[in-house]
Amino acid sequence: MEATPGPGGLLAALCLLAAHGRAAALVVTAPYALCVCPAGHNVTLTCRVAGPLADRHDLLYKTWYFSSNGDQSCSDKTHIRNVTEKELHRDLAKHRGPPANATGRAPHGEPAGRRGVELLPDHHGAFHIVVTNLTPGDSGNYCCYAVEARREHGKPHTLQVAHGVVELQIRQGRGAPQNCTFHTATSKDITAAALATGACIVGILCLPLILLLIYKQRQAVSNRRAHELVRMESSAQGIENPVFEAAPSTETWPRAPLAYAPARHTSESGRHLLAEPSTPLSPPGPGDCFFPTLEPVPDSPSAPKA
């Protein structure tokens with residue numbers, strides 16, 4: 001039975017392939033991500049290129065661009081202080097060596113290089129550019145590009161392009177430093193990683209509460225829908241409020257005692273008055289008395305005749 005690689009083996013293979021791909025491509029890096037300089041000083045920006053060319057006969061071009069709007073790749077391809085590549089390389093051919101004052105204050109009336117921008121010779125894969133007599137308008141991103149090209153039919157054909165970026169900040173006044181200070185990307189990466197980790201922890205801690213609130217809301221909606229369905233069904237049957245319909249009460253309430261008790265009255269003749277068929281059943285009112293209809297009594301012999 002053939003064994004299939006597990007997820008760990010696949011992940012390791014992908015990592016090896018990615019590492020191999022990175023090693024086979026050009027990579028341009030900057031030793032620092034941020035440079036803060038006072039106005040009027042000079043600064044030398046550096047980038048390094050690494051990685052083999054696709055062919056040893058290919059050409060490798062290195063150049064610099066500037067962006068004042070925060071573009072990390074300088075996609076507008078704006079030249080630094082509008083000095084073109086031809087002018088920079090022409091000056092480099094004339095001056096094979098670093099200027100005397102590469103990172104210090106520029107002498108008054110003697111700008112270094114052409115309009116204050118000058119290339120320095122490459123050294124072990126590192127290429128530099130010098131910007132002199134800095135002003136606040138020089139603040140922005142400086143992008144260093146490395147382009148591998150091959151000539152085909154007399155025209156260069158681009159094979160690989162890599163770039164790095166350095167942010168330059170020019171300060172003046174009381175908060176300005178005395179000299180240029182360089183800040184590596186490590187501090188920025190640590191801050192970003194700390195913020196991302198804190199956000200993840202907060203999200204994980206808040207997740208149970210969010211799920212509980214969602215469950216409560218769905219439960220309330222389902223209960224409301226169930227009540228609506230029962231109300232609609234019962235309204236069709238004529239029940240006003242089926243949800244709160246009270247069950248019939250089986251409790252018996254005691255009756256108040258009667259103020260009178262009907263009884264049979266006896267007469268002088270010894271007969272019960274209520275025993276007669278024509279005797280009313282209604283009891284006599286207070287102070288009233290009645291006698292049942294009796295047969296006529298014969299006159300007494302001593303009574304005078306009419």
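**Disulfides and selected side chains in a predicted model**

The disulfides of the protein (a disulfide being a pair of cysteine sulfur atoms within 2.5 Å) follow the pattern 1-6, 2-5, 3-4, with bonded cysteines counted along the chain. This is a predicted model, in which local features need pLDDT of at least 70 and side-chain atom pairs count only at pLDDT 80 or more, while totals for chains, interfaces and linings use all residues. Residues are numbered from 1 along each chain as its sequence is written, and side-chain values use heavy atoms, with hydrogens and water left out.

Q: How many disulfides does the structure hold?
A: One disulfide joins Cys 37 to Cys 180, and another is formed by Cys 47 and Cys 144. Cys 74 is joined to Cys 143. The number of disulfides in the structure is three.

Q: How many residues apart in sequence are the parts that Cys 37 and Cys 180 tie together?
A: The sulfur atoms of Cys 37 and Cys 180 form a disulfide with an S to S distance of 2.1 Å. Cys 37 lies in strand β2 (residues 34-38) and Cys 180 in the loop between β8 and β9 (181-183); strands (E, at least two residues) and helices (H or I, at least four) are DSSP runs, numbered from the N terminus. The parts tied together are therefore apart in sequence by 143 residues.

Q: Is the disulfide of Cys 47 and Cys 144 right-handed or left-handed?
A: The sulfur atoms of Cys 47 and Cys 144 are 1.9 Å apart. The torsion about their S-S bond is about -70°, so the disulfide is left-handed.

Q: Is Cys 74 buried or exposed?
A: Buried means under 20% relative accessible area, exposed over 50%, and partly exposed in between (1.4 Å probe, protein chains only). The relative accessibility of Cys 74 is 1%, so this residue counts as buried.

Q: Which residue holds the cysteine sulfur closest to that of Cys 35?
A: Cys 35 is buried, with a relative accessible area of 0%. Its sulfur lies 3.5 Å from the closest cysteine sulfur, which is too far for a bond. That closest sulfur belongs to Cys 37.

Q: With which side chain does the side chain of Gln 160 make a polar contact?
A: Gln 160 is placed in strand β8 (residues 155-171) and counts as buried at 17% relative accessibility. A polar contact is a pair of N or O atoms within 3.5 Å; within protein, one must be able to donate a hydrogen and the other to accept it, and residues adjacent in sequence count only if both atoms are side-chain atoms. At 2.5 Å, the side chain of Gln 160 makes such a contact with that of Glu 148.
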